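Subject: Handover of a structure and the findings from it

Dear colleague,

I am passing on to you the structure shown below, together with a short account of what was found in it. Please read the account with the structure open beside it.

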Amino acid sequence: MSRLRRLFQSSMDATKRVISGSFDDLMPPPERYIFSFNSKQELSKWHLYSDSEYGGLSSASLQITESENGQNSGIFSGNLSLDVTPGSKWNISRGGLCGMRSKKFDGFIDLDSYDTIAMKLKGDGRCYISTIYTENWVNSPGQMEDNSWQAFVYVPKGNWYIAKIPLARYLPTWRGNVIDAEIEMNPSRVLGMSLSVNAEGGVPDARSGPGDFRVELDWIKALRTQ
């Protein structure tokens, strides 16, 4: 989406709010909760996926549990396997992928006033992948897939950690491959998010390879830092 179009759209939205008398909406708060893993009702907002859908043998689960301080949190865990089911109809050479994706929002959420995604996590030293799904502006008209934007999230092992990812760091991708083009995200039309883990890849010094994974989640927010 071009900067001119985004500017026009933001101007129109602000004008509508002024006309309706909602002056407080002109300055959004500096942070906005997107997800908070504090109750079992949160589980209904997510669905799990893995390479097992295509003949792989990886597995994942998502549950809400009470931590040591008496507060609830979400635990995304499972096992990454490079093996595939013999004779699978899917033509894949190896497995090693699990993820949790939010169900589509009722419409979309507007994050145009924010510049950073923040997550409070407790991990296992692996590198995870944060994905933002936006309304289709990049694909050809015949493709109905949402646009996806991805960034690595390294989660140190042991203690709670707040990862902050500038929106500018998210790269446009299509089916896991980076699109080699100058494309700008449209944060005013966010349809959903996901967090995934791959047995291979990530940042240097991060734990990788097949085996168990586990990351605990407290919340996901949008921040305005500038």
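The paragraphs below go from the whole chain to its sheet, its core and a few individual residues.

Please note at the outset that this is a predicted model.

**The chain as a whole**

The chain has 226 residues, and 41% of them are buried. Its secondary structure consists of 1 helix and 13 strands. Along the sequence, the helix is followed by the strands, in the pattern α-β-β-β-β-β-β-β-β-β-β-β-β-β. Among the contacts with a separation of 6 or more, 75% join residues that are 24 or more positions apart. The accessible surface amounts to about 12700 Å², and carbon and sulfur atoms account for 51% of that area.

**The sheet**

An open sheet is formed by 7 strands, in the order β2-β5-β12-β7-β8-β10-β11, with antiparallel pairing. Its edge strands are β2 (46-50) and β11 (177-178), each of which pairs on one side only. Within the sheet, β5 (residues 97-102) and β12 (residues 190-198) are joined in the antiparallel sense over 5 bridges. Met 100 has Leu 195 of β12 opposite it.

**The nonpolar core**

In soluble globular proteins, nonpolar side chains tend to be buried together. Here, the largest nonpolar core comprises 38 residues, and Ile 34, Phe 76, Leu 111, Ile 117 and Tyr 170 have the most contacts inside it. Strand β13 (residues 211-223) supplies the largest share of this core, with 5 residues. Leaving out residues up to four places away in sequence, Ile 34 touches Phe 105, Ile 109, Leu 111, Ile 117, Met 193, Ile 220, Lys 221 and Ala 222.

**Aromatic residues**

The model contains 5 aromatic pairs. One of them is formed by Phe 35 and Trp 46, a tilted pair with 4.6 Å from centre to centre and 50° between the planes. Phe 35 belongs to strand β1 and Trp 46 to strand β2, so this pair ties together parts that are 11 residues apart in sequence. Are these two residues buried or exposed? Phe 35 counts as buried because its relative accessibility is 3%, below the cut-off of 20%. Trp 46 also counts as buried, at 6% relative accessibility. Phe 35 and Trp 46 belong to one aromatic cluster with Phe 37 and Phe 105.

**Lys 45 and charges over rings**

Lys 45 is located in the loop between β1 (31-36) and β2. With a relative accessible area of 36%, Lys 45 is partly exposed. Which residues does Lys 45 contact, leaving aside its neighbours within four places in sequence? They are Phe 35, Arg 101, Ser 102 and Lys 103. Lys 45 and Arg 101 are 56 residues apart in sequence, while their C-alpha atoms are 8.5 Å apart in space.

Arg 101 in turn lies over the face of Tyr 133, at 3.5 Å from the ring centre. A second such arrangement involves Lys 221, which lies over the face of Trp 219 at 4.2 Å from the ring centre. Lys 221 is also one of the residues that Ile 34 touches.

With kind regards

Conventions
Residues numbered from 1 in each chain as written. Predicted model: local features only at pLDDT ≥ 70, side-chain atom pairs only at ≥ 80, totals over all residues. Heavy atoms only, no water. Core = buried A, V, L, I, M, F, W, Y, C linked by side-chain atoms within 4.5 Å. Buried < 20%, exposed > 50% of the residue type's maximum accessible area, 1.4 Å probe, protein only. Helix = DSSP H or I, 4+ residues; strand = E, 2+ residues; numbered from the N terminus. Contact = heavy atoms within 4.5 Å. Pairing = 2+ DSSP bridges. Areas by Shrake-Rupley, 256 points an atom, 1.4 Å probe, with all protein chains shown as cover. Phe/Tyr/Trp six-rings, centres within 6.5 Å; stacked < 30°, edge-to-face > 60°. Lys NZ or Arg CZ within 6 Å of the ring centre and 35° of its normal.
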